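This report walks a new reader through the parts of one protein model. Please look over the sequence and the structure before reading on.

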Amino acid sequence: MNITAARQVLDTIKEYDRIIIFRHFRPDGDAVGSTKGLRRILQLSFPEKEIVLQNCDFSDYLSFLGDEEELKDDAFYAEALGIVIDTATAERISNKKFSLCKKLIKIDHHIDVEAYGDINWVEEHRSSSCELVAAFYNAMKDELKIDAEAATYLYAGLVTDSGRFRFRSVSGETMRLAGMLLDQGVDTDHLYANLYMKEFEEFKFQGYVLNNIKITENGVAYIYIDRATMQEYGLSYEQASACVSYMDSIKNSLIWIAFIDSDKDEDIRVRLRSRFVTVNQLAEKYEGGGHACASGATVHSLQQLEELLSEADALLGEYKRSNEGWL
């Protein structure tokens, strides 16, 4: 862990009376868990400070973790310290008023492509930003406080972003920090019920996906979900996007992709996942990015969809020809 960075972040937090915490738009469990977790830790540790979340969009799937504060006017940001978590680029920050803050800290675990903060603390090897926030508390626990609520937020993001501790980014340190969070009293029965129980229509949708997956010549598994299909099964964009996980265990399919019609515009959102093969560089060519084996992108037409799919197929073919031990 970068103790120097952690020390700099904590010392800077101590200098400000108002701290505003931001995350990326279309938030996942890690974005929500890390921001709520850090807010709770700082509220417990510095009750005299004003510490709030300020974001412009929300996740229905994660609403059980609680509400966030309503947006404030511009003047509220002027003398504040801003902390942006789990967001690789400034473009992806949910609330653009982050730029009004007097000073900005970036805390992230994605590939470091943009140092938009005055302080940039990035540890790419971490399984999640929640792991990094948990490590921050653990390293500074003589000066910070935690409770079951904060631990639950962080554990939720740790579990979801690590694929329930299955992804390659999971280390011994990940598990030790998970144990530390569990020791605070996380109710895993309640948490897992909210994270993983599904409406009956979602199971019917899963059947649809399994019956409509296609495989390219070299083994890329993919599916395209249009708005009509989402409406047929009564799904939100978030619920439809979860279908990428239905394809993660097809033997010889080391790349799997879900193409999902956007709920806000005419674009098609892309969720790329892989085993062994690096896909983030492919995602970056299509207005996206992320982790080596888990990235997102955007295409603007069915023609672009086919182009991305063709490149993914070529990428997988080259990987299989050049490597052994990929099952």
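Strand β1 (residues 18-22) and strand β2 (residues 50-53) run parallel and are joined by 4 bridges, where helices (H or I, at least four residues) and strands (E, at least two) are DSSP runs numbered from the N terminus, and two strands pair if DSSP finds at least two bridges between them. Within this pairing, Ile20 has Val52 in β2 as its bridge partner. The chain passes from β1 through α2 to β2 in a right-handed β-α-β crossover; right-handed here means that, with the strands pointing away from the viewer, the path from the first strand over the helix to the second runs clockwise.

The model is predicted, so local features need pLDDT of at least 70 and side-chain atom pairs count only at pLDDT 80 or more, whereas totals for chains, interfaces and linings use all residues. Residues are numbered from 1 along each chain as its sequence is written, and side-chain values use heavy atoms, with hydrogens and water left out.

β1 is also joined by 4 bridges to strand β3 (residues 81-85), again in parallel, and Ile19 stands opposite Leu81 in β3. These strands belong to an open sheet of 5 strands with parallel pairing, in the order β2-β1-β3-β4-β5. Because β2 and β5 (119-122) stand at the edges with a single partner strand each, one side of each has no neighbour in the sheet. From one strand to the next the twist averages 15 degrees.

A second open sheet is built from 6 strands in the order β6-β7-β8-β9-β11-β10, with mixed pairing. Here β6 (214-215) and β10 are the edge strands, each with a single partner strand, so one side of each is left without a neighbour in the sheet. β10 pairs with strand β11 (residues 294-299) in the antiparallel sense over 3 bridges, and His291 stands opposite Ala294 in β11.

The table gathers helices that lie on these sheets; axes are lines fitted to C-alpha atoms, for helices over the stretch in contact, and angles run from 0 to 180 degrees between N-to-C directions, while contact means heavy atoms within 4.5 Å.

| Helix | Strands touched | Angle |
|---|---|---|
| α1 (residues 3-15) | β1, β3, β4 (103-108) and β5 | about 135 degrees to β5 |
| α2 | β1, β2 and β3 | about 170 degrees to β2 |
| α7 (residues 200-212) | β6 and β7 (221-225) | about 125 degrees to β7 |

In strand β11 lies Ala297, which counts as buried because its relative accessible area is 6%; buried means under 20%, exposed over 50% and partly exposed in between (1.4 Å probe, protein chains only). Setting aside residues up to four places away in sequence, Ala297 touches Ile268, Arg269, Val270, Leu272, Ala283, Tyr286 and Gly288. The C-alpha atoms of Ala297 and Arg269 are separated by 6.1 Å, although the two are 28 residues apart along the chain.

Helix α4 (residues 148-161) has 14 residues and should span 20 Å, which agrees with its end C-alpha atoms being 20 Å apart; the expected span is 1.5 Å times one less than the number of residues. Of its 14 residues, 11 are buried, and these pack against α2 (29-45), α3 (129-139), α5 (172-182), α6 (188-196) and β10 (289-291). At the N-terminal end of α4, Asp147 acts as a cap, with a side-chain oxygen 3.2 Å from the backbone nitrogen of Glu149. Just after α4, Gly163 takes a positive phi of about 60 degrees.

Key
A polar contact is a pair of N or O atoms within 3.5 Å; within protein, one must be able to donate a hydrogen and the other to accept it, and residues adjacent in sequence count only if both atoms are side-chain atoms.
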